[in-house]
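Biologist: I am new to this kind of picture and would like to learn how to read it one feature at a time. Could we open it together and begin with the rings?

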Amino acid sequence: MPILAVSLLATGLSPRQALAVKPGQPPFTQTVQKSLEETALSKAYTRYSKMDLYNYGMRFFLDAKGEPVEIDNLSIFRLTFIKVVKPLLLGEKKAAFEVAVGFIINEKPVYANGLMNEKGEVDVLQMHFLTENPKTKNYSIRNWEGIYKGSVSRGMNVLELTLAWGTPLAKKKEKTRKAAFEEWTYANMIVILRDGIVISVDGF
């Protein structure tokens, strides 16, 4: 099972951009920073707080003591808080924030770490949570048990693979006369698909 790292996709920033103010840009004042922070938190919380959320490709969270806890994919979460841990200063009217995102699952609190931009977009919520249960949709899913447990096997389709392991770190595509192949790279696994079906799962 791959170890999934939180990325900077939601912020649209590179790691270098997220760590330093560009030369020539004025540094944030506390007032500007606080204003952007409050606006972003309000937007993020409003967007996700009143609905059920279903995790996918992310099964490890932290409990109230900071200990890891394993939770099946597509479990029902409710958002309880988004808290800024540290602001990452970029420049006037543009920001990113390290955040802790809290949930309730089976009446127990858990949380995850992530990044939020000034628009209130939180990467861990965008990349690893659905707002609708796939079971209520007419999807071609058969291997529910593999999805719940984060177990990928031959014969899975693209949707089943994505729900089990999430978005890959990289994709490669190759088309021949007979078939279309894709290579999905995760943190410590490579998955090969032929015509949208998993044919190989290898660790490295």
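Modeller: This is a predicted model, and a search of the whole of it finds eight aromatic pairs.

Biologist: How is one such pair described, and what does the pair of F77 and F129 look like?

Modeller: In general, a pair of aromatic rings is described by the distance of the centres and the angle of the planes. Here F77 and F129 form an edge-to-face pair, with 5.2 Å from centre to centre and 80 degrees between the planes. F77 belongs to strand 4 (residues 76-91) and F129 to strand 7, so the pair ties together parts that lie 52 residues apart in sequence. Both F77 and F129 are buried, and ring pairs link F61, F77, F103 and F129 into a cluster.

Biologist: Which ring has the charged end of K135 over it?

Modeller: That is the ring of W144, where the charged end of K135 sits 5.3 Å from the ring centre.

Biologist: Let us turn to burial. Is helix 4 largely enclosed or largely open, and why?

Modeller: A residue is called buried when its relative accessible area is under 20%. Six of the eight residues of helix 4 (residues 158-165) are buried, so this helix is largely enclosed by the rest of the structure. The buried residues are E160, L161, T162, L163, A164 and W165, and what covers them includes helix 3 (144-149) together with strand 7 (129-130), strand 9 (180-185), strand 10 (189-194) and strand 11 (197-203).

Biologist: What can be seen at the start of helix 4, and what comes just after the helix?

Modeller: At the start, a side-chain oxygen of N157 reaches to within 3.2 Å of the backbone nitrogen of L159. Just after helix 4, G166 takes a positive phi of about 85 degrees.

Biologist: How many residues of strand 8 are buried, and which strand does strand 8 pair with?

Modeller: The number buried is zero among the six residues of strand 8 (residues 170-175), so this strand lies largely in the open. Strand 8 pairs with strand 9 in the antiparallel sense over six bridges, and one bridge joins K175 to its partner A180 in strand 9. A hairpin of four residues connects strand 8 to strand 9.

Biologist: Where should I look to compare single residues on a helix?

Modeller: A general point helps first: an α-helix has 3.6 residues a turn, so residues three or four places apart point the same way. In this structure, E37 is found in helix 1 (residues 30-48), and T39 lies in helix 1 as well. E37 counts as buried at 11% relative accessibility, whereas T39 counts as partly exposed at 36%.

Biologist: What does E37 touch, leaving aside residues up to four places away in sequence, and what does the side chain of T39 reach?

Modeller: With those neighbours set aside, E37 touches V84 and F97. The side chain of T39 reaches the backbone oxygen of S35 at 2.9 Å, and the C-alpha atom of T39 is separated by 7.4 Å from that of G120, which is 81 residues away along the chain.

Biologist: How many helices and strands does the whole protein chain have, and what share of its residues is buried?

Modeller: The protein chain has four helices and eleven strands, and buried residues make up 41% of its 204 residues. The chain exposes about 11,700 Å², of which carbon and sulfur atoms supply 53%.

Conventions:
Residues numbered from 1 in each chain as written. Predicted model: local features only at pLDDT ≥ 70, side-chain atom pairs only at ≥ 80, totals over all residues. Heavy atoms only, no water. Helix = DSSP H or I, 4+ residues; strand = E, 2+ residues; numbered from the N terminus. Buried < 20%, exposed > 50% of the residue type's maximum accessible area, 1.4 Å probe, protein only. Areas by Shrake-Rupley, 256 points an atom, 1.4 Å probe, with all protein chains shown as cover. Contact = heavy atoms within 4.5 Å. Polar contact = N/O pair within 3.5 Å; in protein donor to acceptor, adjacent residues only side chain to side chain. Pairing = 2+ DSSP bridges. Phe/Tyr/Trp six-rings, centres within 6.5 Å; stacked < 30°, edge-to-face > 60°. Lys NZ or Arg CZ within 6 Å of the ring centre and 35° of its normal.
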